Amino acid sequence: MSFHASWIIALTRPANVTLLLFILIVPGAPCRAEYADVVLNKHSDSEGVRPVIFPHWFHRIRYQCRVCHAELGFVMRAGANDVTMQEITEGKFCGACHNGEIAWPVEHCDLCHSARPGTAAGIRGGHQTLGPGNW
Amino acid sequence: MSVNRIRHMGTSRVYRCLVAVVFLVMAAAAVAGEWRPLKNDSLHDPENPALQYLQNPGDALGRLPGDGAGNKVDWIRALENGYIRPRSELKKDTPVRTLDTDILLNKTGSIPRVRFPHKVHTQWLDCDNCHEQIFKSKAGATPITMGKILEGEYCGVCHGAVAFPLTECNRCHSVPWDSQETPVAEKR
């Protein structure tokens, strides 16, 4: 039996096909968000609005990390920042830019509050490295 | 695959079979790794009428120098070659501090040592983002371990969350033990 024929036959075995589909589909399925998307949901769901999605990729094209993480005081840990709409309208955190001058103002709720209702807070997009701490 | 069949095929054929399967998996992963439009990223609410106004990742990231991991963008090249010009401060009087010193991390066992380049890090970050809370300024004074990094501490605060992920071993572990490089080194 030639090499090609043998491995094609091996791939037609139902058990092998199942295994292959499992390998192909399962790891990719839950992580469809863009790398480093952050979901903010400390208050959103309980206040009856969609949770917020903060896309790192969009912002780092336009701002260096230091602007938000040094000047604006965002702690570099998803969940460590308790951002309220009150503070944003006072020009703190997101409100330093989202004021209608640099970026869209707070009146455009749906542009930030854009996640599916009930989405859990946290950083998304494959940050789970499956290392010892996450086994 | 039955044991008999494996025996019949011989080791090299089983090996070639495995290589073929791994190749298929990698090819499929590469295709699946393209940027997804927001409407079917399983995160954004497709019912949200404002979704049409948001930029899709592929529209922006597809124009930047490519990479195999994370956002699939080589952010360093994007910055250094002028593809992007991210603003460095909001207020005019905010100091923008940079440093061009490489640190050599020696406690890596038998695998290549780590070169930490301050330059590319301070092109994005301020000194205070890492010092003194995550890392002590004194070289060698911080008990960094790979386990802690995998748990999201030290380098893992960013690498694996927003900067290139921890599957990219060689990008950090890049200095072989027989190399004569002499950046600022930790004491061994």
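This is a short talk on a predicted model with two chains, A and B.

I'll take chain A, then chain B, and stop at a few backbone oddities on the way.

Chain A has 135 residues, of which 29% count as buried. It holds seven helices and three strands. Going from the N terminus, the elements run α-α-β-α-β-α-α-α-α-β. As for how contacts are spread along the sequence, take those with a separation of 6 or more in chain A: residues 24 or more positions apart account for 51% of them.

Confidence next. Chain A has a mean pLDDT of 83, and 70% of its residues reach 70 or more. Two stretches should be read with care. Over residues 24-31 of chain A, pLDDT stays under 50, and the model has five contacts beyond four places in sequence for that stretch. Residues 130-135 of chain A are also below 50, with ten contacts in the model beyond near neighbours in sequence.

Now the sheet of chain A. In what order do the three strands of the open sheet stand? The order is β2-β1-β3, and the pairing is antiparallel. The edges are β2, residues 52-55, and β3, residues 122-123; each has a single partner strand, so one side of each is left without a neighbour in the sheet. As background, strands of a sheet pair through backbone hydrogen bonds, either parallel or antiparallel.

Look at β1 of chain A, residues 37-40. β1(A) pairs with β2(A) over four bridges, in the antiparallel sense. With β3(A), the antiparallel pairing of β1(A) runs over two bridges. For the register, start with A:V38. Its bridge partner in β2(A) is A:F54, and in β3(A) A:V38 stands opposite A:I123. One residue along, A:V39 has A:G122 as its bridge partner in β3(A).

Are the faces of β1(A) covered or open? Both are covered: A:D37 and A:V39 lie on one side, A:V38 and A:L40 on the other, and all four are buried. Note that this list includes an aspartate, A:D37.

Still in chain A, the loop between α6, residues 85-89, and α7, residues 109-112, has two residues I want to show. One is A:F93, which sits in that loop. A:F93 is not a glycine, yet its phi is positive, about 45 degrees. For context, most residues other than glycine have a negative phi, and most peptide bonds are trans. Why does A:F93 count as partly exposed? Because it has 18 C-beta neighbours inside 10 Å, while the buried class needs 20 or more.

The other is A:W104, also in the loop between α6 and α7 of chain A. A:W104 is partly exposed as well, with 14 other C-beta atoms within 10 Å. What does A:W104 contact, leaving aside its neighbours within four places in sequence? The answer is A:H98 and A:L111.

On to chain B. This chain has 188 residues, and buried ones make up 22% of them. Its elements are eight helices and four strands, and along the sequence they follow the pattern α-α-α-α-β-β-α-α-α-α-β-β. Of the contacts in chain B between residues at least 6 apart in sequence, 43% join residues at least 24 apart.

For the strands of chain B, begin with β1, residues 102-105, and β2, residues 113-117; they pair in the antiparallel sense over four bridges. Within that pairing, B:L104 has B:R115 in β2(B) as its bridge partner. β2(B) also pairs with β3, residues 173-175, again in the antiparallel sense, over two bridges. There, B:V114 stands opposite B:H173 of β3(B).

Two backbone features remain in chain B. The first concerns B:S42, in the loop between α2, residues 11-32, and α3, residues 57-61. B:S42 has a positive phi of about 65 degrees and is not a glycine. With 14 other C-beta atoms within 10 Å, B:S42 is partly exposed.

The second is a peptide bond. Which residues does the cis peptide bond join? They are B:H131 and B:E132, and omega is about 0 degrees. B:E132 lies in the loop between α6, residues 127-130, and α7, residues 146-150, of chain B.

To recap the places to inspect on screen: the sheet in the order β2-β1-β3 of chain A, the positive phi at A:F93 and at B:S42, and the cis bond between B:H131 and B:E132. That is the end of the talk.

Terms used. Residues are numbered from 1 along each chain as its sequence is written. This is a predicted model: local features need pLDDT of at least 70, side-chain atom pairs count only at pLDDT 80 or more; totals for chains, interfaces and linings use all residues. A residue is buried if 20 or more other C-beta atoms lie within 10 Å of its own, exposed if 12 or fewer, and partly exposed in between; C-beta atoms are placed from the backbone. Two residues are in contact if their C-beta atoms, placed from the backbone, lie within 7 Å. Two strands pair if DSSP finds at least two bridges between them. pLDDT is the predictor's confidence in each residue, from 0 to 100.
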